[in-house]
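Reader: I would like to go through the enclosed empty spaces of this structure and what lines them. Could we take them one at a time?

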Amino acid sequence: MNEITKDILRRIAVFKEKYMSSAYSIREDGDCVGRQANENVTIENTEGKPGIVVHVKAGSKGETVYIPTCVTKSMDDLVYNDFYIGEGAECTIVAGCGVHTDSHEAVRHNGVHRFFLGKDSKVKYLEKHVGTGEGEGIRSIDPVTEVYIGEGAFLEMDTSQIGGVDRADRKTTGTIEARGKLLVRERLLTEGEQTADTYFDVELKGEDSSADIISRSVARGKSRQTYTSTITGSARCSGHSECDSIIDGEAIVDAAPRLNAHHSDAALIHEAAIGKIAGEQILKLRSLGLTEQEAENMIIEGFLS
């Protein structure tokens, strides 16, 4: 691994030597630069296209699988990763991507991740995206996530993109079976003329399935964000979608939550709030000795935490 990759890994996946005791697959500039499996986790190449297939053994507990990707030169990187979680298994998957350029040339990563959760399994998915480098080239990250949550299974997704990414097109779709649960926490920050488009489309297919999707974002400068979510209730279920955004400067945020109730016992709700930082919050922090910029930064950091 080159030094840029090592620095990015520390930012997106808390890279330490203790990786060596876990299952992992590290991707740098389109190639695998490190891989390790164990008795509960197998990692193989995706047949016929770039990427990996991860199997987590049924009934296994406490496994952590690291699958970070770093792109440190101009290229359009595309990878397909599939995750099969066995019945009753419990694990954490640490993903994330960093794109870097020090030139005028563009760099892009597009990761297509599919999750297949077996009955009563539990997965925590951590994904952090960053852009680095001093170049003027466009840094793009366009993640596609497809989730299939089996009976009684639970998927928690904690995703963040906090600065440095110029273009992002984020798409998540899912189907949830009986008693399955999906919990999403998304955090976004755009600055300058950056853009970020977020799209969720989830079907609550089984009895007593549920989804809770919460997005918090800050748009600064002349950046633009869109948030589109669709929750479809096809059985007795509960669904919640929430988008909270702070606007600063000349930024633009468009939010369009949508609910489809296709069953009489589908309980669905959505919330959306867009506004600027309250003046009294800034005044209170300035009275404690902070500058206006320091006060704004502290409020934003707390909002996105």
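Reader: How do the residues of the lining of the largest cavity divide into nonpolar, polar and charged?

Author: In this predicted model, the largest cavity has 16 lining residues, with Cys97, His109, Gly111, His113 and His129 lying nearest its centre. Glycine is counted among the polar residues in this scheme. Sorted in this way, the lining of the largest cavity comes to six nonpolar, eight polar and two charged residues.

Reader: Which element supplies the largest share of the lining of the largest cavity?

Author: Three strands, β7 (76–85), β10 (107–117) and β11 (122–132), each contribute at least two residues to that lining. The largest share among the contributions to the lining amounts to four residues, and the element that provides it is β10.

Reader: What is the volume of the second largest cavity, and which element gives the largest share of its lining?

Author: The largest cavity holds about 100 Å³ of space, while the volume of the second largest cavity is about 80 Å³. Elements giving two or more residues to the lining of this second cavity are β14 (154–162), β15 (167–176) and β16 (181–190). The largest share there is three residues, and it comes from β15.

Reader: How many charged residues are in the lining of the second largest cavity?

Author: The lining of the second largest cavity includes Glu127, Arg170, Lys171 and Glu186, alongside others such as Met157 and Phe200. Glu, Lys and Arg count as charged. By class, that lining has four nonpolar residues and three polar ones, and its charged residues number four.

Definitions and conventions. Residues are numbered from 1 along each chain as its sequence is written. This is a predicted model: local features need pLDDT of at least 70, side-chain atom pairs count only at pLDDT 80 or more; totals for chains, interfaces and linings use all residues. Side-chain values use heavy atoms; hydrogens and water are left out. On a 1 Å grid over the protein atoms alone, a cavity is a set of points where a 1.4 Å probe fits but cannot get out, and a pocket is an open set with protein on both sides within 12 Å along at least five of seven lines; lining residues have an atom within 4 Å of a point. Grid points are joined across faces, edges and corners, and a volume is the space filled by probe spheres set on the points.
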